[in-house]
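Here is a short tour of a protein model, starting with one helix and then moving on to the core and the empty spaces. Have the structure open as you read.

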Amino acid sequence: MKILSFLARFLLLLSAFFTPSVAVDAFTGTYGINYGRIADNIPSPDKVVTLLRSAKIRNVRIYDANNSVLNAFSGTGLELVVSLPNGNLQDMSSNPDDALTWVQENVQAFLPKTKIRGIAVGNEVLGGSDQSLSEALLGAVKNIYNATKSLQLDDVVQITTAHSQAVFNNSFPPSYCIFSENVVQYMKPLLNFFSQIGSPFCLNAYPFLAYMNDPTEIDINYALFQSNQGIYDNKTNLHYDNMLDAQIDAAYAALEDAGFKKMEVIVTETGWASHGDPNEEAATVSNARTYNYNLCKRLALRKGTPMRPKNMLKAYVFALFNEDLKPGPTSERNFGLFLPNGTTAYNIGFKGLKSSSATSSMLSVKDIRHQGSPSSYFLVLAACAVVLLSLNS
């Protein structure tokens, strides 16, 4: 008996040495939001904190590491992913000391009061037109990670980078998707490193853009999570009733083809424009409300996609505000759930900073008929409330 007791204690001790460490998870809920600030008329960061807490949105992604924002989030419990802009990639790739200094000044200095849980190194680099950025991305990722490791922050802050769908080829049907030939040489080493440190594959997925590119072939109801025939993938025998799930599973197929079947996909941007140019007919308040309302309902299910049913879908919505200084088509400046004064752009169950008029704060009778009966509408809002409240658990 003494020998068996000794062996049991020995095996327990041995398991402590060989149990792999759990990778830090920068996204602890299912619903997050992108807080972009390319605007001259949006609320101050402290008011944004009030807005986010009122809406019970816990996970927030910003596109830099602005100190005024980080100070405003101090002590709030809101969880942030900060970003290293594309313009810094080449310097961070070639200068490990600069990477260390950046992490010290923009991350370590604000911990633990400001809950910085992730660093996004660049955004939509691969598949873009600047090859020098593609060449610098992996080096920047490694140097930023090594900086967090040397500062003993690697178990607190997760390192990622977000990709557009430009990195894919043959994405329809989903199971046929692979990485484009021009990005494979950069993508595979990056994925190999991320698999070693436990980082997910981050995808910016926009059914809005896909529909705009091919409105004659794509059913808008399929893009908006509305009732439709969906699509059938003859390779996997899977059926898709909405485009977002199909876009995510296309990413899973590309990852599996590249040898990274176990890597999780997280949606770091998705949304629908509420206003656009004359040639952007799908950019309407009604469509934006429908997409984001149904996205909220989809996330409330807390389930995965047809190809990965056990991987609970997580998504950061784009975006918190309309950003009036963004370049490009009108739609680029109109993805916000909230208007510059902090009131809701349209109602999907959130509260704004101020009381809106009856017409802007409630769905009209016509809108309720369009989306379902009044009772079903309030049931869905209840489901959304469940997922949003769960972010605080």
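How many residues does helix α7 have, and how far does α7 reach from its first C-alpha to its last? The model you're looking at is predicted, and in it α7 runs over residues 181-197. That makes 17 residues, reaching 25 Å from the first C-alpha to the last, which is close to the 24 Å expected.

Now follow α7 along its length. At Met187 the helix bends by about 35 degrees, and a proline, Pro189, comes within four residues after that. Just past the end of α7 sits Gly198, with a positive phi of about 80 degrees.

Which residues of α7 are buried? They are Val183, Tyr186, Met187, Leu190, Leu191, Phe193, Phe194 and Ile197. So Met187, where the bend is, belongs to the buried set too. To read such a list, remember that an α-helix has 3.6 residues a turn, so residues three or four places apart point the same way. What covers these buried residues includes helices α6 (131-150) and α10 (243-258), along with strands β5 (158-163), β7 (178-179) and β8 (201-204).

Next, the core. The largest nonpolar core has 109 residues, and those with the most contacts inside it are Trp102, Ile119, Val121, Ile144, Phe179 and Phe201. Its largest share, 11 residues, comes from α10, a helix you've already met as part of the cover over α7. Take Val121 as an example: leaving out residues up to four places away in sequence, Val121 touches Leu84, Leu89, Leu137, Ala140, Val141, Ile144, Ile159, Thr160 and Thr161. Apart from this core lies another one, of 6 residues, including Ala26, Val81, Ile266 and Tyr316.

Finally, the empty spaces. Here are the largest pocket and the largest cavity side by side:

| Space | Volume | Lining | Closest to the centre |
|---|---|---|---|
| Largest pocket | about 1,200 Å³ | 44 residues | Gln165, Tyr206, Leu209, Ala210, Gln247 |
| Largest cavity | about 100 Å³ | 13 residues | Ala26, Val81, Gln158, Thr160, Cys202 |

Where does the pocket lining come from? β6 (168-169), α8 (207-213) and α10 each supply at least two residues, and the largest share, 5 residues, comes from α8.

For the cavity, β4 (115-123), β5 and β11 (265-270) each give at least two lining residues. Two names here should ring a bell: Ala26 and Val81 lie among those nearest the cavity's centre, and both are also in the 6-residue core.

Note on methods:
Residues are numbered from 1 along each chain as its sequence is written. This is a predicted model: local features need pLDDT of at least 70, side-chain atom pairs count only at pLDDT 80 or more; totals for chains, interfaces and linings use all residues. Side-chain values use heavy atoms; hydrogens and water are left out. The expected span of a helix is 1.5 Å times one less than its number of residues. The bend at a residue is the angle between axes fitted to the seven residues ending there and the seven starting there. Buried means under 20% relative accessible area, exposed over 50%, partly exposed in between (1.4 Å probe, protein chains only). Contact means heavy atoms within 4.5 Å. A nonpolar core is a set of buried Ala, Val, Leu, Ile, Met, Phe, Trp, Tyr and Cys residues joined through side-chain atoms within 4.5 Å. On a 1 Å grid over the protein atoms alone, a cavity is a set of points where a 1.4 Å probe fits but cannot get out, and a pocket is an open set with protein on both sides within 12 Å along at least five of seven lines; lining residues have an atom within 4 Å of a point. Grid points are joined across faces, edges and corners, and a volume is the space filled by probe spheres set on the points.
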